[in-house]
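I opened the notebook to look up how this chain is put together. My notes follow in the order I took them.

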Amino acid sequence: MDRSEVLELSEVSKTFMGGGEPVSVLKELTWTVRRGDTIAIVGPSGIGKSTLLHVLGALDRPDRGRLLFGGRNLFDLDDAGLARIRNRHMGFVFQFHHLLPEFTALENVMMPARIAGMGIREARERAKALLDRVGLSHRLGHRVPQLSGGEQQRAALARALVMEPPFLFADEPTGNLDIENSHNVHDLLLEIHAERGCALVVVTHNMDLARMMQRQVTLMHGRIAEVCPSSLHI
Ligand SMILES: Nc1ncnc2c1ncn2[C@@H]1O[C@H](COP(=O)(O)OP(=O)(O)OP(=O)(O)O)[C@@H](O)[C@H]1O
Ligand SMILES: [Mg+2]
């Protein structure tokens, strides 16, 4: 497999100081995610799911350890270097959309492509096609506050996909949505995975979504532990 299709955390540790007590969230954790994988990260609040996703997606640096991608350790890069890698290879969807409120849906989706240096025409065409794909072709010119919660989350998904990243990460992508909108976003995530063959790593408390993934993992003593899907409760 191409080296740029594998992300590998190696001996990663991260400890937070909170209230004077150190909290060791990740402890010499080693884990590989490959293009094509679909993985749910589940487990109780505070166990370290978001921390793990943020380190895996190079949004956050650990205290120790490496993130190997394309034959190098991404944590050797400076912040601008990391931002470039994220822009080109990783898409993120969060519980709250993180769209820029003063811009329209179309402008928000175009933004990562423009940052990557893509011409305005191509960026606009890609963004339009993606907004169409997530059912928002009638909302291109709406600013973020003029979109419903479900529409905002679908726009955020379109934005995450505009650079066609091989790795798509989502942290509670439907934690803020009602059941119908949640199903809609779940279906979209799986369809996009099927179409593109990207990796899909989702932190979720939604066991329906977790069961749709090939693998379910949690954190135990700061390391990855596989979860048996039949043990997942709604
Ligand atoms: N910036 C920080 N400073 C101090 N402690 C932190 C910080 N970020 C996270 N923590 C602690 O690290 C632990 C793991 O946090 P994390 O956000 O990864 O949990 P989580 O599994 O995503 O929880 P949830 O399901 O509630 O989102 C928690 O105990 C949290 O209090
Ligand atoms: Mg979290």
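**Entry: V201 and the core**

I began with V201. I asked which residues V201 touches, leaving out those up to four places away in sequence. The list is V33, I39, I41, L53, L56 and F169. I noted here that the model is a predicted one.

Next I looked up the largest nonpolar core. It has 62 residues. V109, L131 and V201 touch the most other members. Which helix gives this core its largest share? I found helix α5, residues 149-161, with 6 residues. I added a general remark: in soluble globular proteins, nonpolar side chains tend to be buried together.

**Entry: the sheet of six strands**

I traced the strand order of an open sheet with 6 strands. The order is β6-β7-β8-β3-β9-β10, and the pairing is mixed. Which strands sit at the edges? They are β6 (90-93) and β10 (223-226), and each pairs on one side only. I also looked up the twist, which averages 25° from one strand to the next.

Then I checked what packs on this sheet. Helix α1, residues 49-56, does so. I listed its contacts as β3, β7 (167-171), β8 (199-203) and β9. The direction of α1 makes about 150° with that of β8.

I turned to the two pairings of β3. Strand β3 covers residues 38-41, and strand β9 covers residues 215-220. These two run parallel and are joined by 3 bridges. I looked up A40 and found its bridge partner in β9, Q216. How many bridges join β3 to β8? I counted 4, and this pair also runs parallel. In β8, L200 stands opposite T38.

**Entry: the sheet of four strands**

I found an open sheet of 4 strands as well. Its order is β2-β1-β4-β5, and the pairing is antiparallel. The edge strands are β2 and β5 (72-73), each pairing on one side only.

I looked at β1 and β2 in detail. Strand β1 spans residues 6-18, and strand β2 spans residues 21-34. They pair in the antiparallel sense over 10 bridges. G18 has E21 in β2 as its bridge partner. I then read the turn of this hairpin. There are 2 residues between the strands, and G19 takes a positive phi near 60°.

I moved on to β4, residues 64-69. Strand β4 runs antiparallel to β5, with 2 bridges between them. L68 stands opposite N73 in β5.

I checked α1 again here. It lies across β1 and β2, and it runs at about 130° to β1. I wrote down that α1 touches strands of the other sheet too, including β3 and β8.

**Entry: helices against helices**

I went back to α5 and looked up its helix neighbours. One is helix α6, residues 179-196. The two pack at an angle of about 15°, with their axes 10 Å apart. Why do I call them roughly parallel? Angles under 35 degrees count as roughly parallel, so α5 and α6 qualify. The crossing of α5 past α6 is right-handed. I listed the residues that meet. From α5 they are G149, G150, Q153, R154, L157 and L161. From α6 they are N181, N184, V185, L188 and I192.

Another neighbour is helix α3, residues 105-115. It packs with α5 at an angle of about 25°, and the axes are 7 Å apart. That makes α3 roughly parallel to α5. This crossing is right-handed. On the α3 side I noted A105, N108, V109, M111 and P112. On the α5 side I noted A155, A158 and R159. V109 is a name I had already written down for the core.

**Entry: L82**

My last look-up was L82. It is found in helix α2, residues 79-89. Is L82 buried, exposed or partly exposed? I found 19 other C-beta atoms within 10 Å, and a residue needs 20 or more to count as buried, so L82 is partly exposed. Beyond its neighbours within four places in sequence, L82 is in contact with A58, L74 and L77. I also looked up its distance to C228. The two are 146 residues apart in sequence and 34 Å apart in space, C-alpha to C-alpha.

Methods:
Residues are numbered from 1 along each chain as its sequence is written. Chains are lettered from A and ligands numbered from 1 in the order in which they are written. This is a predicted model: local features need pLDDT of at least 70, side-chain atom pairs count only at pLDDT 80 or more; totals for chains, interfaces and linings use all residues. A nonpolar core is a set of buried Ala, Val, Leu, Ile, Met, Phe, Trp, Tyr and Cys residues joined through C-beta atoms within 7 Å. A residue is buried if 20 or more other C-beta atoms lie within 10 Å of its own, exposed if 12 or fewer, and partly exposed in between; C-beta atoms are placed from the backbone. Two residues are in contact if their C-beta atoms, placed from the backbone, lie within 7 Å. Two strands pair if DSSP finds at least two bridges between them. Axes are lines fitted to C-alpha atoms, for helices over the stretch in contact, and angles run from 0 to 180 degrees between N-to-C directions. Angles under 35 degrees count as roughly parallel, over 145 as roughly antiparallel, 65 to 115 as roughly perpendicular and the rest as oblique. A crossing is left-handed if the near helix is turned anticlockwise from the far one by less than a right angle, and right-handed if clockwise.
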